[in-house]
Amino acid sequence: MAETTAAAAIFVPTLLEWLNRHVWLDGCDLETERRQTWDEGRDVSSIDGEFNRLLNTPVPEGRRFGGARDKAWLQDAARLMDAVQDLPYRSEYPYVEPTDLEGIRVARPETDPIRTWRGRRAQFLSRLHGGWLGRICGCMLGKPVEGWNMESIRITGEETKNWPLNNYLRLPTRKEDGHIAARKPKNELHKKQAPLLLDGMNGMVEDDDTNYTTTGFYIVKKHGGDFTPLDVATAWGANIPIFHTCTAERVAYRNFVAGVVPPESATHRNPYREWIGAQIRADYFGYANPGNPERAAAWAWRDACISHVKNGIYGEMWVAAMLAAAYVEDNWVRIVRAGLAQIPERCRLYDDVETIVDAYEEHKSYDEVVKMIHEQWDETVSHHWCHTNSNAQIVAAAVLYGEEDFEKTITRAVMPGFDTDCNGATAGSLWGVRYGVEKLPKKWTRPIKDKIRTGVAGYHEVKISAMAEEMAEVARGNW
């Protein structure tokens, strides 16, 4: 009996072992929380000493991502993160960044309305299908190098005769591998990535960038245009395993299960509340509202507010509104600014994206703009790498400097690094909605084979074209 008990004890994990294996679950990433708290304008002077004490506690060997040192540390970190939400804002903070929808609407800039969509049924399907397939192509381009820095992407591209990027990445030959290794990139392509590479691509693999688009569609299909934030949370629980989510979404999911409901689910021990996760969930809300960026943004807000605040929410609203505008506007500056028209004028995202538009209008080159982005954000810091605003700037640069060409648009969304699959997907989606599925180059669509896999029930493996038809019908039913 004693022997059995001893054997069983070997397989009983501790809380810290569980949290160490499943990152983002405890939400006590204090390094990110400190940066986030400062970014959103709070006065941290009263708790800065506690941040220093906890962050300077040595991390035990084997711990990942600077996680919990021990149970007492975890409890102290949780109390500190709770205290952050009650901190006052710095008096000199220049931004006005509401999270509630009415507050956001009041804070928007004054702009002229855009044109009304008057396209026929077949035109709508072509544009929606183009956005969906364009998103998938852009995602597949960026996915193999997600997490890579810009220099590593460039080295691999150069050594495989694919720089500037002009095609999906492929597995390097043995000779090319040697050349790449000699240049010491931080990451290299490998055989287990075959389903993501040109050599072994067989349709779109399951990915959060497309799972969330499918989930948004599923929500509108099930609940109609009056869906609520709780409908979104329920759809996640029914269709997306928690470990298929990342960062803010994983923390919010944990919060739902623990009984912390929206909007508190977005702020409760969630240091990733302004990261890119909501921005990649916007697309169906834009697809379904041609020429109606205000409603697209409102739907995006209902989705985003369960996991994000402020600029995290604005990113999703901006993308949804741009997609809605791309049906009726024929100029990328106007499309980008139609998105900005749905978010607060005195917010960081508005300023950051306007910086890119201004640079474009001042005739700065694409390379100069990429350099500007890298000077503002440190790609080695996860909070910068995965933030809504840094990646929004890359998306804006990609569509503005894409020269109306699909290939240049998605490759210029991936080459700067940062969140490559997200940015490639969003840029490809915008281009596809503006130009329609017929204009997408076969070079990019053929390897996708009209096939997508998702985690959403009923859509585990489907034809992209058939799904686009259903998406269009559901959208039309809610106009």
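**Surface patch, helix α23, internal spaces and salt bridges**

Leu15, Trp18 and Phe243 together make up a nonpolar patch on the surface, with a combined accessible area of about 280 Å². The model in which this patch is seen is a predicted one. Tryptophan 18, a member of the patch, belongs to helix α2, which covers residues 15-21. With a relative accessible area of 39%, tryptophan 18 is classed as partly exposed, because that class lies between the limits of 20% and 50%.

Helix α23, formed by residues 420-435, offers a check on helix geometry, since its 16 residues at 1.5 Å a residue should span 22 Å, and its end C-alpha atoms are indeed 22 Å apart, in agreement with expectation. The helix is mostly covered, 15 of the 16 residues of α23 being buried. After α23 comes glycine 436, for which phi is positive, near 90°.

The analysis of empty space covered both pockets and cavities. The second largest pocket holds about 400 Å³ of space, and its lining consists of 21 residues, of which Thr111, Asp112, Pro113, Ile114 and Ala341 lie nearest the centre. Two or more residues of this lining are given by each of the helices α15 (293-304), α17 (332-340) and α18 (348-361), with α17 supplying the largest share, four residues. As for enclosed space, one cavity of 30 Å³ or more was counted, and the largest cavity contains about 30 Å³. The lining of the largest cavity is made up of Leu101, Arg105, Arg108, Glu294, Ala297, Ala298, Met317 and Gln342. Helices α6 (101-106) and α15 are the elements that each give two or more residues to the lining of this cavity, and the largest share, three residues, comes from α15. Helix α15 thus appears among the elements lining the second largest pocket as well as among those lining the largest cavity.

In total, 38 salt bridges are found in the structure. One of them pairs arginine 135 with aspartate 283, with the closest N and O atoms 3.1 Å apart. This pair links distant parts of the chain, arginine 135 lying in helix α7 (residues 121-142) and aspartate 283 in helix α14 (residues 283-287), at a separation of 148 residues. Both partners, arginine 135 and aspartate 283, are buried.

A second example is the salt bridge between glutamate 403 and arginine 412, whose closest N and O atoms are 3.4 Å apart. The two partners fall into separate accessibility classes: glutamate 403 is partly exposed, at a relative accessible area of 49%, whereas arginine 412, at 18% relative accessibility, counts as buried, because the cut-off for burial is under 20%.

Glutamate 407 and lysine 443 form a further salt bridge, in which the closest N and O atoms are 2.9 Å apart. Since glutamate 407 lies in helix α22 (residues 406-414) and lysine 443 in helix α24 (residues 442-445), the pair ties together parts that are 36 residues apart in sequence. Lysine 443 is partly exposed, its relative accessible area being 35%. Beyond these individual pairs, Glu151, Arg154, Glu158, Glu159 and Arg183 are joined into one network by salt bridges that share partners.

Definitions and conventions
Residues numbered from 1 in each chain as written. Predicted model: local features only at pLDDT ≥ 70, side-chain atom pairs only at ≥ 80, totals over all residues. Heavy atoms only, no water. Patch = residues over 30% accessible without salt bridge, like charges linked within 9 Å, V, L, I, M, F, W, Y side chains within 5 Å. Areas by Shrake-Rupley, 256 points an atom, 1.4 Å probe, with all protein chains shown as cover. Salt bridge = Lys/Arg side-chain N within 4 Å of Asp/Glu carboxyl O. Buried < 20%, exposed > 50% of the residue type's maximum accessible area, 1.4 Å probe, protein only. Expected span 1.5 Å × (residues − 1). 1 Å grid on protein atoms, 1.4 Å probe; cavity = no way out; pocket = protein on both sides within 12 Å on 5 of 7 lines; lining within 4 Å. Points joined across faces, edges and corners; volume = space filled by probe spheres on them.
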